[in-house]
Amino acid sequence: MNNKRMKVAVITSSDSGYRGEREDLSGALIEELMTENGYEVCKRLLLPDERAILSQAMARIADEGSACLILTTGGTGFSPRDCMPEATMDIVERNVPGIPEAMRAYSMTLTKRAMLSRAAAGIRKQTLIINLPGSPKAVRECLEYILPQLRHGLEIMLGLTGNCAEKQEENA
């Protein structure tokens with residue numbers, strides 16, 4: 001973005017974290033990794049596993065234009081309280097299935113339990129929302145896997161570039 005750092009919001013979905021019974025290690029790790037990769041974390045929220053609360057928080061950030069990227073952590077599993085994918089899909093205007101599909105495919109090479117992830121991704125206005133897993137280990141693996149392509153996708157979404165084709169290396 002012309003030397004301007006892209007703004008990211010981080011939302012952790014955790015009942016125990018919200019009650020102060022558990023430290024938000026995954027949200028902290030997302031903030032650290034994104035800052036190291038040249039993004040500005042403009043907001044960090046720790047919310048309960050409540051679909052309406054999560055949806056409203058994501059919609060507010062996107063509608064205000066305060067971040068072009070929302071990264072969520074937690075709430076993507078099979079627990080009865082896990083609702084982050086549903087909260088995300090409630091408010092996005094365009095589905096982006098390739099990102100969670102890529103994270104699951106990569107994660108499957110590390111653990112077969114990756115098939116249990118229900119993560120989703122989508123776009124609302126000019127904000128991309130991506131659900132990441134809840135554990136710090138899985139957050140690191142997934143985020144480091146998608147980061148190399150993420151900036152280009154954001155630049156396309158924001159109209160900063162229009163070329164989606166990868167540069168072809170010349171054969172020597």
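Which residue in E6 does Thr-73 stand opposite? In this predicted model, Thr-73 stands opposite Leu-132 in E6. I shall return to that pair after an account of the chain as a whole.

The chain has 6 helices and 6 strands. Read along the sequence, they follow the pattern β-α-α-β-α-β-α-β-α-β-β-α. The C-alpha trace spans about 55 × 40 × 30 Å along its principal axes. A compact globule with 172 residues would have a radius of gyration near 16 Å, and the chain agrees, at 16 Å. Of the 172 residues, 45% are buried. The accessible surface comes to about 9,400 Å², and 49% of that area belongs to carbon and sulfur atoms. As for contacts between residues at least 6 apart in sequence, 77% join residues at least 24 apart.

I turn now to the strands, beginning with E3. Strand E3 covers residues 69–73, and 5 of its 5 residues are buried. The cover extends to both faces: Leu-69, Leu-71 and Thr-73 are buried on one side, and Ile-70 and Thr-72 are buried on the other.

Which strands pair with E3? One is E1, residues 7–13, which runs parallel to E3 and is joined to it by 5 bridges. Within that pairing, Val-8 has Leu-69 as its bridge partner, and Ile-11 stands opposite Thr-72. The other is E6, residues 127–132, which is also parallel to E3 and joined to it by 5 bridges. The pair from my opening question, Thr-73 and Leu-132, belongs here.

Strand E1 has a further partner. E1 and E2, the latter being residues 40–47, pair in the parallel sense over 7 bridges. In that pairing, Ser-13 has Leu-47 of E2 as its bridge partner. Why is E1 described as largely enclosed by the rest of the structure? The reason is that 6 of its 7 residues are buried.

Beyond E3, I would draw attention to Thr-76. Thr-76 is found in the loop between E3 and helix H4, residues 84–91. Is Thr-76 buried or exposed? Thr-76 is buried, with a relative accessible area of 8%; the cut-off for that term is under 20%. Leaving aside neighbours within four places in sequence, the contacts of Thr-76 include Asp-82, Met-84 and Pro-85. Thr-76 is also in contact with Leu-116, Ser-117, Arg-118 and Ala-119. Asn-131, Leu-132 and Pro-133 are among its contacts as well. Leu-132 therefore appears twice in this account, as a contact of Thr-76 and as the residue opposite Thr-73.

Finally, I come to the aromatic side chains. The structure holds 1 aromatic pair. Its members are Tyr-106 and Tyr-145, whose ring centres are 4.3 Å apart and whose planes lie at 5°, so the pair is stacked. Tyr-106 lies in helix H5, residues 98–108, and Tyr-145 in helix H6, residues 136–157, so the pair ties together parts that are 39 residues apart in sequence. Both rings belong to partly exposed residues: the relative accessible area is 28% for Tyr-106 and 39% for Tyr-145.

A further ring to examine is that of Tyr-39. The charged end of Arg-151 sits over this ring, 4.4 Å from its centre.

Technical notes:
Residues numbered from 1 in each chain as written. Predicted model: local features only at pLDDT ≥ 70, side-chain atom pairs only at ≥ 80, totals over all residues. Heavy atoms only, no water. Buried < 20%, exposed > 50% of the residue type's maximum accessible area, 1.4 Å probe, protein only. Helix = DSSP H or I, 4+ residues; strand = E, 2+ residues; numbered from the N terminus. Pairing = 2+ DSSP bridges. Phe/Tyr/Trp six-rings, centres within 6.5 Å; stacked < 30°, edge-to-face > 60°. Lys NZ or Arg CZ within 6 Å of the ring centre and 35° of its normal. Contact = heavy atoms within 4.5 Å. Rg over C-alpha atoms; globule rule 2.2 N^0.38 Å. Areas by Shrake-Rupley, 256 points an atom, 1.4 Å probe, with all protein chains shown as cover.
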